[in-house]
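Me: Got a minute? I'd like to walk through a structure with you.
Reply: Sure, put it up and ask away.

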Amino acid sequence: MAKKWVYTFEEGQASMRNLLGGKGANLGEMTSIGLPVPPGFTVTTEACLAYLDFGETFAEGMWDQVVDGMKDLSKKMGREFGDNSDPLLVSVRSGARISMPGMMDTILNLGLNDESVESLAAKAGDRFAWDSYRRLVQMFGKVVLNVEGLKFEHFIEQIREKEGVKSDPEVSAEGWKTVVQQFKDLIKKETGTEFPQDPWVQLEYAVAAVFKSWNGAPAINYRNATGIPHDLGTAVNVMAMVFGNVGDDCGTGVAFTRNPATGEIELFGEYLFNAQGEDVVSGARTPLKVADLEERAPEIHERMMEVSSLLEKHYREMQDMEFTVEHGKLWMLQTRNGKRTAAAAVKIAVDMVAEGLISKEEAVGRIEAGQIDMLLHPRFDAKAMADAEVLTQGLNASPGAAVGVVYLDADTAQAKAQAGEAVILVRPETTPDDVHGMLAAKGVLTQRGGATSHAAVVARQLGKPCVAGCEDISIDFAAGQFSVGDVVVKVGDVISLDGGTGRVFLGEIPTVAPSFDDQPDLQRILSWADDIRRLQVWANADDPEQATRARRYGAQGIGLCRTEHMFLGDRTEKFQEAILAHQSGDADEFERVLKEILLPLQRDDFHGIFKSMDGLPVIIRLLDPPLHEFLPSLEELIAEVATLKATGKSDAAKEHLLAMVEDMHEFNPMLGLRGCRLGITMPSLNKMQVRAIFEAACDAAKEGVTVKPEVMIPLTSHVNEMNKIQPLLVEVAKQVMQEKGIEIEYKFGTMIEIPRAALTAGEMAEVAEFFSFGTNDLTQMTFGLSRDDAERKFLLRYADPDDLNILPVNPFQAIDQVGVGRLMEIAVTEGRATRPDLEVGICGEHGGEPSSIDFCHRIGLNYVSCSPYRVPIARLAAAHAVLKEQGKK
């Protein structure tokens with residue numbers, strides 16, 4: 001039986017989105033539930049993949065099925081495709097499985113030519129016919145033949161100016177007739193070919209263009225940025241035309257069943273009278289609000305409300321709908337799950353649970369970790385914003401605060417962003433060709449467009465602040481600037497965008513962190529996530545303030561308290577006293593500094609942390625870095641001493657310090673005297689830290705605080721290292737508890753960050769009561785590279801699919817599950833074979849990354865630990881791991 005490449009809308013349904021793409025599947029579904037959908041058919045995603053695999057050649061039998069589909073469509077519509085006397089006109093739209101910007105734009109009115117436009121004019125009027133024809137030539141030239149869109153707009157602006165009108169609907173039939181010829185001349189000049197007059201050739205070129213757009217740069221850039229697979233392909237949807245540009249009782253619009261920016265329940269969107277669909281999405285004209293239809297066209301508004309309610313209940317999701325009104329009749333052209341801001345996503349999920357549309361598990365599964373991150377992004381400082389100079393006001397298309405340098409084209413914006421510059425992309429309007437620039441930019445500002453324009457929809461999807469429809473700005477590409485009245489903003493100037501209010505400011509406005517406590521819907525989602533997840537979420541915190549924040553964000557313990565961070569700032573000089581005394585061989589002075597200066601400082605810090613984490617475990621890592629990191633750099637000291645000598649001066653103290661730093665210098669300090677090796681060779685230092693920990697814990701316990709200290713010995717590679725240092729430290733702990741007259745619960749364990757420790761975990765667990773994976777160092781040692789050097793010189797290129805493409809991801813951002821992950825699995829399995837109740841967690845930066853959290857869940861860790869700010873993300877990701885395991889996500 002021949003392969004089926006084409007399905008009519010009557011044959012499609014929502015469950016077929018892999019084959020028919022999201023748009024085609026939903027057109028079939030809407031047809032099946034009786035909504036007014038123009039007839040049409042879908043060419044499958046498999047046909048696209050075959051076309052690309054076969055060297056951009058249609059698969060055998062596919063075009064024959066397209067021809068049959070057009071004949072069937074002609075019968076349904078009572079007009080023949082290709083008949084110049086009474087032409088059947090169609091639209092051609094792309095439709096990938098996952099909705100994504102960057103795919104080919106729609107082509108409308110396909111089937112018109114120089115002859116059939118006259119027939120259409122005789123039946124429906126000159127102006128409508130020539131307006132429809134110029135749209136086809138313009139879209140076909142831009143989308144299929146790749147002629148720059150601004151060149152077409154230039155001729156439209158000329159005819160409006162010549163006729164003294166402000167908008168496209170006011171342009172005369174003769175005006176559009178002139179423009180059509182100019183468009184055709186432009187295509188000939190730019191491509192060397194004529195605009196095709198044969199409707200079947202138009203259709204063939206259009207279908208091929210949709211397929212090719214799957215591998216176009218905008219689509220690939222977007223898939224790379226969002227993790228969408230490259231092997232899905234796109235479908236092609238061919239639909240009989242319905243016209244919103246026939247007269248004032250016609251129009252076109254885009255509407256959402258809920259507000260995509262806030263999540264509020266309202267019919268939200270935009271509508272243009274006497275227009276076709278691309279006028280709304282492109283932003284070429286600033287539209288009316290859909291809500292205005294209640295007054296201007298009440299019957300259409302009422303019908304839209306009915307359809308909106310029906311679709312939302314049917315799909316149990318907020319819907320994004322495209323529709324056309326032809327002489328008062330509503331036609332549905334598309335529905336899909338609506339893109340929304342992070343705040344809207346959370347509110348919609350919570351509201352739909354309350355409305356009984358979805359379960360709590362579904363609500364949790366619908367929120368992505370990146371959306372939680374967006375909700376915790378900084379916002380503009382209110383006082384600074386009140387004092388700032390407002391440059392202009394536009395539409396608040398996508399919320400958020402963005403500060404950056406102005407650039408007027410996507411290519412430059414991308415290049416500057418890759419060079420480390422914060423960028424604001426400023427455009428008349430955006431198209432799929434601008435997506436790579438939008439991905440790179442901190443925010444987007446457009447001169448034209450509304451809440452459903454390309455810029456607004458894509459920015460919301462990407463979580464980028466966007467101010468659209470700033471009609472009072474004038475962009476001068478030749479001069480590299482835009483202006484608002486007399487104020488000129490040049491490329492390279494800094495502006496600030498407030499996507500929540502639509503205001504644009506000159507210069508940089510400082511930002512502040514948002515309040516987690518003021519987001520009840522987010523907290524409700526996270527509480528539901530807590531009910532689902534098995535993996536605990538702890539936090540990395542080095543002082544009481546960080547510990548308090550971590551607990552407020554939902555942390556269930558401290559997985560890493562880095563004691564070396566307690567010696568930074570104004571305490572560095574005090575710690576230097578101890579180091580210099582030890583290097584000078586002055587044991588008494590070394591012990592004095594430890595006991596009288598450093599121990600009280602550490603004890604006070606630990607006491608505050610224990611109070612903040614009352615009832616929860618706190619893992620404290622003993623000193624890890626090499627001691628020379630707390631001293632002036634060798635290079636600086638050499639330069640200073642050399643400068644003194646060159647001027648005939650000397651500084652005995654400086655020279656003595658240089659001699660000691662030189663003595664402590666290591667060629668590879670990451671693998672040198674640090675971690676447990678430092679503790680073994682200088683046990684007084686670790687003993688002081690353990691005494692500080694247990695004195696603080698006992699004092700807090702006497703105050704009624706439930707303390708659970710866990711002492712972590714870093715960088716162990718051999719069980720004999722544990723056997724050497726741990727008993728000395730346990731003895732100190734017991735001594736302190738005896739002195740304080742109180743017993744507390746405690747553990748001693750180790751950080752697994754050397755491959756040998758993972759491979760001999762069974763032995764390590766004979767001594768260690770818990771393991772914590774330090775995946776930053778474990779990754780460095782497994783790959784045999786230095787993170788700082790590698791990321792600076794080559795690693796980012798290794799993980800770039802458009803460059804060397806050696807690694808699927810940067811292994812310092814997401815766990816290398818095949819290599820590093822294998823070591824982790826061995827350590828968990830063999831460690832628990834020795835000690836079944838072994839507590840195992842992760843405290844590297846990977847502890848807050850969703851795919852790494854999913855892996856940690858699968859290999860049976862007890863907890864992940866991450867930055868306090870990433871605790872909400874980790875709570876959600878841990879719940880997602882369970883839902884994936886259950887096949888619910």
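Me: Before we start, what does it take for two strands to pair?
Reply: Two strands pair if DSSP finds at least two bridges between them. Keep in mind that this is a predicted model.

Me: OK, so which residue is the bridge partner of Phe323 in S10?
Reply: Met332 is the partner of Phe323 there.

Me: And how many bridges join S9 and S10?
Reply: There are 8 bridges between strand S9 (residues 319-326) and S10, and the sense is antiparallel.

Me: What order do the strands of that open sheet come in?
Reply: The order is S8-S7-S6-S9-S10, which makes 5 strands with antiparallel pairing.

Me: Which strands stand at the edges?
Reply: Strand S8 (288-289) and strand S10 (329-337) do. Each has a single partner strand, so one side of each has no neighbour in the sheet.

Me: Remind me, what holds strands together in general?
Reply: Strands of a sheet pair through backbone hydrogen bonds, either parallel or antiparallel.

Me: What comes just before S9?
Reply: A loop runs between helix H12 (298-315) and S9, and Arg316 lies in it. Arg316 has a positive phi of about 55°, although it is not a glycine.

Me: Is Arg316 buried or exposed?
Reply: In between. Its relative accessible area is 31%, so Arg316 counts as partly exposed.

Me: Where does Asn109 lie?
Reply: Asn109 is in strand S4 (residues 107-110). Asn109 also has a positive phi, about 65°, without being a glycine.

Me: Buried or exposed, that one?
Reply: Asn109 is buried, because its relative accessible area is 0%, and the cut-off for buried is under 20%.

Me: New topic. How many cavities of 30 Å³ or more does the structure hold?
Reply: The count is 2. The largest has a volume of about 100 Å³.

Me: How many residues line the largest cavity?
Reply: The lining has 14 residues. Arg93, Met241, Val242, Thr324 and Leu333 lie nearest the centre. S3 and strand S5 (234-240) are the elements that give two or more residues to this lining.

Me: How does the lining of the largest cavity divide into nonpolar, polar and charged?
Reply: It has 7 nonpolar residues, 6 polar and 1 charged.

Me: What about the volume of the second largest cavity?
Reply: About 30 Å³. Its lining is made of Phe575, Ala578, Ile579, Phe590, Leu627, Met682 and Leu685.

Me: Which helix gives the largest share of that lining?
Reply: Helix H22 (residues 572-583), with 3 residues. By class, the lining of the second largest cavity has 7 nonpolar residues, no polar ones and no charged ones.

Me: Switching again. Where is Leu88 found?
Reply: Leu88 sits in the loop between helix H3 (62-77) and strand S3 (90-96).

Me: It's in a loop, so is Leu88 buried or exposed?
Reply: Buried. Leu88 has a relative accessible area of 0%.

Me: What does Leu88 touch?
Reply: Beyond residues up to four places away in sequence, its contacts include Met70, Leu73, Met77, Phe81, Leu110 and Ala240.

Me: How far apart are Leu88 and Ala240?
Reply: In sequence, 152 residues. In space, the C-alpha to C-alpha distance is 7.4 Å.

Me: Last stop, S30. Which residues are on each side?
Reply: Glu839 and Gly841 are on one side of S30, with Val840 and Ile842 on the other. All four are buried, and both faces are covered.

Me: Why do they split like that?
Reply: In a regular strand the side chains alternate between the two faces of the sheet.

Me: Which strands does S30 pair with?
Reply: Strand S29 (residues 770-773) is one partner, parallel, over 4 bridges. In that pairing, Phe770 has Glu839 as its bridge partner. Strand S31 (residues 863-866) also runs parallel to S30, joined by 2 bridges. There, Ile842 stands opposite Val864.

Me: Which side chain does the side chain of Glu839 make a polar contact with?
Reply: That of Lys747, at 3.1 Å. Glu839 also touches other residues, including Trp538, Ile619, Glu710 and Tyr863.

Me: And what is the relative accessibility of Glu839?
Reply: It is 11%, so Glu839 counts as buried.

How values were computed
Residues are numbered from 1 along each chain as its sequence is written. This is a predicted model: local features need pLDDT of at least 70, side-chain atom pairs count only at pLDDT 80 or more; totals for chains, interfaces and linings use all residues. Side-chain values use heavy atoms; hydrogens and water are left out. Buried means under 20% relative accessible area, exposed over 50%, partly exposed in between (1.4 Å probe, protein chains only). Contact means heavy atoms within 4.5 Å. A polar contact is a pair of N or O atoms within 3.5 Å; within protein, one must be able to donate a hydrogen and the other to accept it, and residues adjacent in sequence count only if both atoms are side-chain atoms. On a 1 Å grid over the protein atoms alone, a cavity is a set of points where a 1.4 Å probe fits but cannot get out, and a pocket is an open set with protein on both sides within 12 Å along at least five of seven lines; lining residues have an atom within 4 Å of a point. Grid points are joined across faces, edges and corners, and a volume is the space filled by probe spheres set on the points. Ala, Val, Leu, Ile, Met, Phe, Trp, Tyr, Cys and Pro count as nonpolar, Asp, Glu, Lys and Arg as charged, and the others, Gly among them, as polar.
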